[in-house]
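Grab a pencil and let's work through a few short exercises together. Each one comes with a step-by-step solution.

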Amino acid sequence: MDVGNIGFVIAGLVVGFIVGMTGVGGGSLMTPILLWFGINPAAAVGTDLLYAAITKSGGVLVHRKNDNIDWRITGWLALGSVPAAALTLLFLHSLHTDTAAMNAVIKNALGVVLLLTALAVLFKKQVLAFAQRHAGDSFHFSGSKLNTLTVITGAILGAMVALTSIGAGALGTVALFILYPFLATRRLVGTEIAHAVPLTLVAGLGHASMGNMDWGLLGYLLIGSLPGIYVGSHLAGRIPDGILRPCLAVMLAMIGYKLVF
């Protein structure tokens with residue numbers, strides 16, 4: 001294993017550790033790190049998508065065992081996200097002959113989504129408080145309107161994830177909290193993870209079919225991330241959330257700003 005590959009293992013270890021401690025930061029950190037290593041944007045996004053699909057599959061097994069998944073909500077989200085991801089992949093495929101244009105689109109979209117993710121991480125508590133405060137009034141939808149909004153939310157997440165590999169984590173969880181303020185937090189988190197697996201798998205395989213994949217790189221990332229997630233999850237709560245989240249948000253905002261501007 002040469003020095004470059006060791007760097008990928010360490011990157012996986014660091015990102016896995018942060019994800020284990022905070023529950024967010026997977027794609028939003030991994031893709032920019034891969035860009036820093038010199039991986040082109042399309043390959044970085046494609047590799048990170050399958051990386052996410054594999055790592056989150058383990059989370060689904062745990063959440064399913066603990067009955068933390070609302071499969072009805074997962075289904076409505078997937079109804080919007082999977083077709084939207086497929087359409088986004090078709091759009092990228094139309095740019096495939098112009099590699100520079102495709103990488104430019106992905107890089108700029110990545111920067112915008114990182115900035116949105118930073119806001120979601122930083123103001124998560126305020127958004128949740130707002131959703132719970134207005135859960136019983138006209139702000140809250142139900143029935144067919146709620147299902148329609150869930151499908152639309154899934155479509156937005158699907159397009160973002162297929163284009164940037166980011167969005168199914170922090171943004172997806174915040175969106176679900178707003179739509180379903182009465183659902184227990186553990187079930188919202190489990191539902192978001194369950195939805196992310198088929199979405200990232202479909203998007204990842206789509207990128208792989210276009211050649212936007214580095215299978216060796218994927219293996220090195222997994223070697224580092226699996227123990228990183230294990231250690232990080234055991235240290236969760238040791239560092240105050242009030243310190244972790246602002247630091248993570250500032251880091252994501254700086255990366256996003258650099259990519260956009």
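The exercises below look at a predicted model.

**Exercise 1.** Work out how the reach of helix 7 compares with the span expected for it.

Solution. Start with the residues: helix 7 covers 143-164, which gives 22 residues. Next, the expected span is 1.5 Å times one less than that number of residues. For helix 7 that comes to 32 Å, and the reach from its first C-alpha to its last is 32 Å, so the two are close. Now step past the end: S165, just after helix 7, has a positive phi of about 75 degrees.

**Exercise 2.** Do the same for helix 9 and look at what follows it.

Solution. Helix 9 spans residues 185-209 and has 25 residues. Its reach is 36 Å, close to the 36 Å expected. After helix 9 comes G211, with a positive phi near 85 degrees.

**Exercise 3.** Decide whether T74 is buried or exposed, and find its contacts.

Solution. First place it: T74 sits in helix 4 (residues 71-94). Buried means under 20% relative accessible area. T74 has 7%, so it is buried. Then set aside neighbours within four places in sequence, and T74 touches I69, T191, A194 and H195.

**Exercise 4.** Classify L116 by its accessibility and say which patch it joins.

Solution. L116 lies in helix 5 (residues 99-122). Its relative accessibility is 39%, so L116 is partly exposed, because that class runs between 20% and 50%. Together with V112, L119, L122 and F123, L116 forms a nonpolar surface patch with about 420 Å² of accessible area.

Note on methods
Residues are numbered from 1 along each chain as its sequence is written. This is a predicted model: local features need pLDDT of at least 70, side-chain atom pairs count only at pLDDT 80 or more; totals for chains, interfaces and linings use all residues. Side-chain values use heavy atoms; hydrogens and water are left out. Helices (H or I, at least four residues) and strands (E, at least two) are DSSP runs, numbered from the N terminus. Buried means under 20% relative accessible area, exposed over 50%, partly exposed in between (1.4 Å probe, protein chains only). Contact means heavy atoms within 4.5 Å. Patches are made of residues with over 30% relative accessible area and no salt bridge: like charges are joined within 9 Å, nonpolar side chains (Val, Leu, Ile, Met, Phe, Trp, Tyr) within 5 Å. Accessible areas come from the Shrake-Rupley method with a 1.4 Å probe; for residues, only the protein chains shown count as cover. A salt bridge is a side-chain nitrogen of Lys or Arg within 4 Å of a carboxyl oxygen of Asp or Glu.
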